[in-house]
Amino acid sequence: MKSRSLKVISAALACAMLAGLVALVASCGGSGAPEIIPKTVLFGNPEKMRARLSPDGTRLAYLAPSNGVINVWVKTIGEDDDRLVTSDDNRGIYRYFWAQDGENILYMQDAGGDENWLLYSVNIESGDVTTLTPFEGVQVRMVDYSKHHPNTVILAINEQDPRLHDVYRLELDSGELTLIARNPGNILGWMTDFDLKVRGAVAMTPTGETELLVREDEDATWESILVWGDEDNLVSSPLGFTKDGGSMLMIDSRNANAGRLVRLDLDTKELEIIAEDSTYDVSDVMLNPDTYEIEAVAFTRARNEWMVLDNGVGQDLEALSRLDDGDFSVTSYNNDYNTWTVAFTKDDGPVSFYLYDRQTKEATFLFVHRPELEDYTLAAMEPISFQSRDGLTIHGYITYPPGAGRRNLPVVL
């Protein structure tokens, strides 16, 4: 029953959001109906998006069009010196991050939509581009990187077999690429510990379950820690190792109605419940980048709601909750962890981005991703719930077209 309940709830949410989008784009006609929003405003390139702070916190990178193609831009915080640092003229760049030297941007790009993503580095001053994974017909996936190991990136690459991604260590200064582990054929993803050692993996079993594998070090053999069955594997997943490497943080729905945040001791196999809700899955986790301790956890109820677990961020989350009426998430931070970029997502307006100073508890507005949306009337999403025929509670949202009333309306479900 649990598996069906979760799937039905997810479907209801997805369909209700689709209904809201349709109502938003083409609201019913009649007296008082707002102007129809052009498709290009909703689905064209955003003006700006995905703001990310440099490691030292002095510069901001973001994505924006150049000649109609999404590229990476950089500016100095507090200055109007925005400049283009990549020059893609075809597919656009969407996945990028700062190198720890603060002088280079790393980004992923394929060729003409072949999905063979490669990793590149561009110097933000000179514009010189280096192909860090110079392969042909090979797909590269990012596994992990860390400020504590600034010269290292962990990658999954299917060079040996196009069906399987082995895991490699890349040294950015030399370009040296070292194989860490082969994929025997069942690995879905790899995990690193605090030292960027590949010590965890998620595997698929022959019966379609997912299995968590862990090893003591990169020379040790893999040990099966647990298996998530078909009732749990769509919700449950590992999040990462604790700083000492002795425990695993996970979202786990075994023996529970919803995915809860837990800590699993890898030696004793003792499970500690950190945060849970009887109805709603854990939707987001805020992890301290230095201690690897959980600071806050979010549940998406009617709205995204944060539960503070570390008082060190309590005042910050309280200040952010008063800043904007959208649901917020921290999208990047500097290495000192005292400056954040924060995005607010709303049902009736564009995504807004702010720069937040944790010391002063003050925020500076950066931009909204689609400013043209502010010229139109958007419809709000309202939470609803009802009982299904088999007694389950179905949660979702309903959106009414502005200016069309609430009776005798067509429905998209």
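## Glu-293 and its partner

Glu-293 is partly exposed, with a relative accessible area of 41%. In this predicted model, the residue takes part in a salt bridge with Arg-263, where the closest N and O atoms are 3.8 Å apart. The two partners belong to distant parts of the chain, since Arg-263 is placed in strand S19 (residues 260-265) and Glu-293 in the loop between S21 and S22, with 30 residues separating them.

## Other salt bridges

Across the whole structure, a search finds 22 salt bridges. One of them joins Arg-406 to Glu-382, whose side chains meet at 2.4 Å, N to O. This pair, too, links distant parts of the chain, with Arg-406 in the segment after strand S29 (393-399) and Glu-382 in strand S28 (residues 381-387), 24 residues apart. Arg-406 has a relative accessible area of 53% and is therefore exposed, because the exposed class begins over 50%. Glu-382, by contrast, counts as partly exposed at 27% relative accessibility.

A salt bridge with both partners buried is formed by Asp-193 and Arg-199, the closest N and O atoms of which are 3.6 Å apart. Asp-193 has a relative accessible area of 10% and is buried, and Arg-199 is likewise buried, with a value of 7%. Elsewhere, Arg-59, Arg-83, Glu-103 and Glu-125 are connected to one another in a network of salt bridges.

## Aromatic pairs

The structure holds 13 aromatic pairs. Among them is the edge-to-face pair of Phe-194 and Tyr-292, with 5.1 Å from centre to centre and 70 degrees between the planes. This pair brings together distant parts of the chain: Phe-194 belongs to the loop between strand S13 (187-192) and strand S14 (198-204), whereas Tyr-292 belongs to the loop between strand S21 (282-287) and strand S22 (294-300), and the two are 98 residues apart. Both Phe-194 and Tyr-292 are buried.

Another edge-to-face pair is formed by Phe-344 and Tyr-354, for which the centres are 5.5 Å apart and the planes stand at 80 degrees. Here the link runs between Phe-344 in strand S25 (residues 339-345) and Tyr-354 in strand S26 (residues 352-357), 10 residues apart in the chain. Phe-344 is buried, with a relative accessible area of 0%, and Tyr-354 is also buried, with a relative accessible area of 12%. Both rings belong to one aromatic cluster, which is formed by Trp-306, Phe-328, Phe-344, Tyr-354 and Phe-365.

## Charges over rings

Two contacts between a charge and a ring can be described. Lys-48 lies over the face of Tyr-62, at 5.1 Å from the ring centre. In the case of Arg-95, the charged end sits over the ring of Trp-117, and the distance to the ring centre is 4.0 Å.

## The sheet that contains S13

An open sheet of four strands is arranged in the order S13-S14-S15-S16, and the pairing is antiparallel. The edge positions are held by S13 and strand S16 (223-228), each of which has a single partner strand, so that one side of each is left without a neighbour in the sheet. Neighbouring strands of this sheet are turned by 20 degrees against each other on average, with direction ignored.

Between S13 and S14, which run antiparallel, there are five bridges. One bridge can be given by residue, as Thr-192 has Val-198 in S14 for its bridge partner. The loop between these two strands is also where Phe-194 of the aromatic pair with Tyr-292 is found.

## Surroundings of Val-129

Val-129 lies in strand S8 (residues 129-131) and, at 46% relative accessibility, counts as partly exposed. Leaving aside residues up to four places away in sequence, Val-129 touches Tyr-107, Tyr-120, Ser-121 and Val-122. A separation over a longer range can be given for Val-129 and Val-412, which are 283 residues apart in sequence and, from C-alpha to C-alpha, 47 Å apart in space.

Notes: Residues are numbered from 1 along each chain as its sequence is written. Side-chain values use heavy atoms; hydrogens and water are left out. Rings of Phe, Tyr and Trp (its six-membered ring) pair if their centres lie within 6.5 Å; planes under 30 degrees apart count as stacked, over 60 as edge-to-face and the rest as tilted. Buried means under 20% relative accessible area, exposed over 50%, partly exposed in between (1.4 Å probe, protein chains only). A charge sits over a ring if NZ of Lys or CZ of Arg is within 6 Å of the ring centre and within 35 degrees of the ring normal. Contact means heavy atoms within 4.5 Å. A salt bridge is a side-chain nitrogen of Lys or Arg within 4 Å of a carboxyl oxygen of Asp or Glu. Two strands pair if DSSP finds at least two bridges between them. Axes are lines fitted to C-alpha atoms, for helices over the stretch in contact, and angles run from 0 to 180 degrees between N-to-C directions.
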